[in-house]
Amino acid sequence: MAGFLSLDDVDTEELHGIVERSVDVLAREGRLEQKLSGKVLGIYFAKTSTRTRTAFTSAALRLGASVIPYGPGDLQLNTGESLHDTGRMFGAMLDGLVMRTAGPLEEMRLVARSGGLPVVNAMAAQEHPTQGVCDAATMLRHFGQVDGLSVLYVGEGNNTAAALGKILSTYRGVTVVFATPKGYGLDAALLGSLEEKGAASASRFIETHDLDSAEIAADVVYTTRWQTTGTAKPSADWREDFRPFHVDDEVMARWPDAVFMHDLPAHRGDEVKGSVLDGDRSIAWEQARMKYGSAVAILEWIYRDSR
Ligand SMILES: NC(=O)NCCC[C@H](N)C(=O)O
């Protein structure tokens, strides 16, 4: 059974169905159909998490599954057991795993392969696919469509940026400008593949290192914290490199029709000014709530054929 490791693995139509279902979950009240009844999921977070871990745990429980949570110090991985053997054990005793690391996506593929169980990538170094679903669903809910939207992304070209680019590249007529600090940009191969995909769907993906000269009629200004999980900044004065990538009221005034989004956690005063994050144009808190809707939609999709 396929898990949810990368947005690249999922058929576009199915992906859009997951995005639509995420919106639907938040719109409905009442008990969810117990589609995961009798299932046991492992929730293994090697890195900190507030939203994603809570969203998937809550979603799994509300869908009728039981969960076993593992923190960073819990597994024999810490005493030298291999990922391969760990995956085998998970596969022998669990029906699925939700996993966050700051390591390569290949680690999760290895666990999925050796265990023969579906694994959800709740964030790896290259990609944060469940965030991408959440972000597209938040845009769909707010604007009524994702096709044709223009998004200005401000900040490091990290796992969140990669997922945002990938999911938006499955829609038509979108424009995404990534304004990233020099030395902290998008992976060149990823940008190349986004450009290529965009050419076939009337979309544009552009990277600039100069926010002041970014040209886009943005519907959304999106930012992310300066310190990406599990990464080290090579220079001591990295804050100087990031300082121009601060979304304040002046930045928002340049795009008077745009809403503000943030994957959170926020560091007010660094990447965003409090008045923007907490202001009228911010949909970041609706976006955070959508993590739950998207977790339900992703789990339902993974177990769609099981009984
Ligand atoms: N919404 C989230 O999952 N937030 C957690 C941190 C995401 C951020 N891209 C990071 O790597 O630190």
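**A sheet and a cavity**

Two strands, β3 and β4, each supply at least two residues to the lining of the largest cavity. I will start from that point and work outwards. Please keep in mind that this is a predicted model.

The cavity itself, then. Searching the whole structure for cavities of 30 Å³ or more gives one, and the volume of the largest cavity comes out at about 30 Å³. Its lining consists of L41, G96, L97, V98, P118, V119, V120, I302 and Y303. Which strand gives the largest share of that lining? It is β3, with three residues. As for chemical class, eight of the lining residues are nonpolar, one is polar, and none is charged. The polar one is G96, because Gly is counted as polar in this scheme, while Val, Leu, Ile, Tyr and Pro are counted as nonpolar.

Now the two strands. β3 covers residues 96–100, and β3 pairs with β4 in the parallel sense, over three bridges. Within that pairing, V98 is opposite V120 of β4. Both V98 and V120 are also on the list of residues lining the largest cavity.

Stepping back to the sheet: how many strands form it, and in what order? There are four, arranged as β2-β1-β3-β4, in an open sheet with parallel pairing. At the edges are β2, residues 66–70, and β4, residues 119–121, each of which pairs on one side only. From one strand to the next, the twist averages 20 degrees.

To put the two parts together: β4 is an edge strand of the sheet, and β4, like β3, supplies at least two residues of the cavity lining.

How values were computed. Residues are numbered from 1 along each chain as its sequence is written. This is a predicted model: local features need pLDDT of at least 70, side-chain atom pairs count only at pLDDT 80 or more; totals for chains, interfaces and linings use all residues. Side-chain values use heavy atoms; hydrogens and water are left out. Two strands pair if DSSP finds at least two bridges between them. Axes are lines fitted to C-alpha atoms, for helices over the stretch in contact, and angles run from 0 to 180 degrees between N-to-C directions. On a 1 Å grid over the protein atoms alone, a cavity is a set of points where a 1.4 Å probe fits but cannot get out, and a pocket is an open set with protein on both sides within 12 Å along at least five of seven lines; lining residues have an atom within 4 Å of a point. Grid points are joined across faces, edges and corners, and a volume is the space filled by probe spheres set on the points.
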